[in-house]
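Here is a briefing on one protein model with a bound ligand. It covers the ligand site, then some helix packing.

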Amino acid sequence: MSKERTTRRVLKRYSAYNPKYFPLCFLQKVFQNLFFFFKLWISAEIVNALYDGRERRELYLLVAAALLGIFFTRAVSAVLGRAVETALEILENNESAAFQRKTLSLDYNRLEDPQIRKLRSKIDENKMINSYGTVHMRRSVLSFMDCAVNILFSLALFGGMVGRMVEASFGWQSIVLLAALAGCLVMSIICQFRSTKKVGESWDAIGDLMLRENRLWRGYHPEGTDNRIYRQQAIISRLNEKLSENHRQAFQKVNNESFLLRIPIHVFRKLTEGCSYLIVCFYCALGAFSVGELIRYAGYLGRMIDSIWSLFVVVADVRSNRQFLETYLEYFEIENEMYQGSLSVEKRSDKKFDIAFRHVSFRYPGSDIPALRDVTLDLRVGERLAVVGMNGSGKTTFIKLLCRLYDPQEGEILMNDFNIRKYDYRQYLDLFSVVFQDYHLLSLPLGNNVAGDAAYDRDKAERLLEEVGFGERYRKMPQGLETPLYKDFDADGVEVSGGEAQKIALARALYRDAPFIVLDEPTAALDPVAEAEIYARFDQIVGGKTAIYISHRLSSCRFCDRIAVFHEGRIVQTGTHEQLLEDTAGKYYELWNAQAQYYA
Ligand code: ADP
């Protein structure tokens, strides 16, 4: 990707988040500069008038014009400033929304891909370090606008000055002064380029360090109860000190480097400024300009030289920011790989969807160990299937493959004799209601949570809350279905307990009315008796649907028509509770006996 193309492409995407933003900024820059040039021009006029001893009336008029002009340009700038702020807010909101949309649109397997996770953290991290990425790009665009407007204004006002300089004299002194000015300017630009490049590289180098440390931090939860019980504060404090020290050293190194690199830039800039004053004073002494014009032209020249220098800073900044924009673009350009399928899922009132796993094996991306090995299983319509096994035996992976969050590397999964890959992906997903272990409720009203939607059937939501055993609590909620959950957005929001949240999540799964219902240990936080109760109640509610219950507690699933026992990624046994117990050498018998003491 060429440098220009990356920046141009990101800029196009970025400005589309609010097309009004950059035009408004441009107008603002025009007015801000107009204000500066007008002030300079009118001050010079007033000095000239005083110097020439012009009439008082003329002086008063000039002062009045100055005040009026300054008031006008300032007022317009202030109004534009407000509009620019609002436009930026909209732009940044839209940018975050686009980022979230992209994340949500990624295939689940891409989302979990360690490489893609790293890319996402890198974008966040870049933003934190010197605002690299789109923020840096936005600032470069604003600087560019500022320089362009300044140079245009200066050039337009310069015409008279150059003419008079040439007329007055153009001897060796002028050439030496102009050459010194150009030389200092070029040197300051070269130093600036060097500094931007070096500092950019240094920030990039410590960016990786920060990425690692941030990730380390994310694994620690200082507010967690574990830290109280195990008195982990000491380890955390030590870790914190070490990280802070690492950060401090890294930052200090870059800041020192940046400070040293800035010295020659400042020296050459001051020399350039000095040369520009010398030139104007030289011609003033030759009588080419009046005193007022000395002020005016020194100001114009200084401003123009500053702008030319800043233009090169923008170029250097754009170059140093390019790699950060590439990361940004890379994320937006991740393509989904999952085959979307085109076969329509038949709308069947009899819910007759037979599913069959045929020799399915699966490995997570980046993992060498198979999470599922040669799994073969038929799911019969309307049956209650329990999936049991120890932690890490592959139960959740089995569900993830069933819902096509991942595709298996070996074997196939069939629905009504067709590979599930062939079905339209969205339609296929609609067949499942799943309550995963790590379900989340939203900080929105209860009714919206149950329906998973803004508009919903109130009677149905209330009935389901009753059925999952949330009725008593529900009747105590003064705002009923409008009761906000949690206090994130509403001080009146209610905090629901873990058990209550699980019931709401169950009601949400039922509300969807999908032919398959899967409960992946959503009741893990409940005690075995409460879990068994919920499962039994749920069994009545699901009616003719096919239901899959996952649990590592065997007692909860005794009521199921069939139990599949997972061990190390394989299905080692299937049968009813009674059948499985008969095999005293089997895994189920071993697990049951290990757990039986708890249910006695
Ligand atoms: P269970 O639900 O029976 O506890 P899982 O299906 O969650 O087991 O996990 C099966 C195996 O796959 C385990 O060894 C687990 O460490 C591994 N695993 C689960 N999720 C991932 C993942 N996202 N990436 C890599 N390995 C995973």
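Helix H11, spanning residues 395-402, gives the most to the shell around the ligand, with 3 residues. The model is predicted. Two topics follow: the ligand shell and its contacts, then the packing of helix H2.

**Ligand shell**
- The residues around the ligand include an unbroken run: Met 390, Asn 391, Gly 392, Ser 393, Gly 394, Lys 395, Thr 396 and Thr 397.
- Glu 112, Tyr 364 and Ala 371 are also among the residues around the ligand.
- By class, the shell holds 3 nonpolar, 6 polar and 2 charged residues.

**Polar contacts and burial**
- Gly 394 places a backbone N or O atom 3.1 Å from an oxygen atom of the ligand.
- Lys 395 also uses the backbone: one of its backbone N or O atoms sits 3.0 Å from a ligand oxygen atom.
- Thr 396 uses its side chain, where an N or O atom is 2.7 Å from an oxygen atom of the ligand.
- The ligand taken alone exposes 560 Å², and the protein buries 62% of that.

**H2 against H3**
- Helix H2 (residues 21-52) packs with helix H3 (residues 56-105) at an angle of about 165°.
- Their axes are 8 Å apart.
- The angle is over 145°, so H2 is roughly antiparallel to H3.
- The H2–H3 crossing is left-handed.
- Residues of this contact divide into 26 nonpolar, 6 polar and 3 charged.

**H2 against H10**
- H2 also meets helix H10 (residues 291-332), and the two axes come within 6 Å.
- These axes cross at roughly 160°.
- H2 and H10 are therefore roughly antiparallel to each other.
- H2 passes H10 in a right-handed crossing, whereas the crossing of H2 and H3 is left-handed.

Notes: Residues numbered from 1 in each chain as written. Predicted model: local features only at pLDDT ≥ 70, side-chain atom pairs only at ≥ 80, totals over all residues. Heavy atoms only, no water. Axes fitted to C-alpha atoms, helices over the stretch in contact; angles between N-to-C directions. Helix = DSSP H or I, 4+ residues; strand = E, 2+ residues; numbered from the N terminus. Parallel < 35°, antiparallel > 145°, perpendicular 65-115°, else oblique. Left-handed = near helix turned anticlockwise from the far one by under 90°. Nonpolar A, V, L, I, M, F, W, Y, C, P; charged D, E, K, R; others polar. Near = heavy atom within 4 Å. Polar contact = N/O pair within 3.5 Å; in protein donor to acceptor, adjacent residues only side chain to side chain. Areas by Shrake-Rupley, 256 points an atom, 1.4 Å probe, with all protein chains shown as cover.
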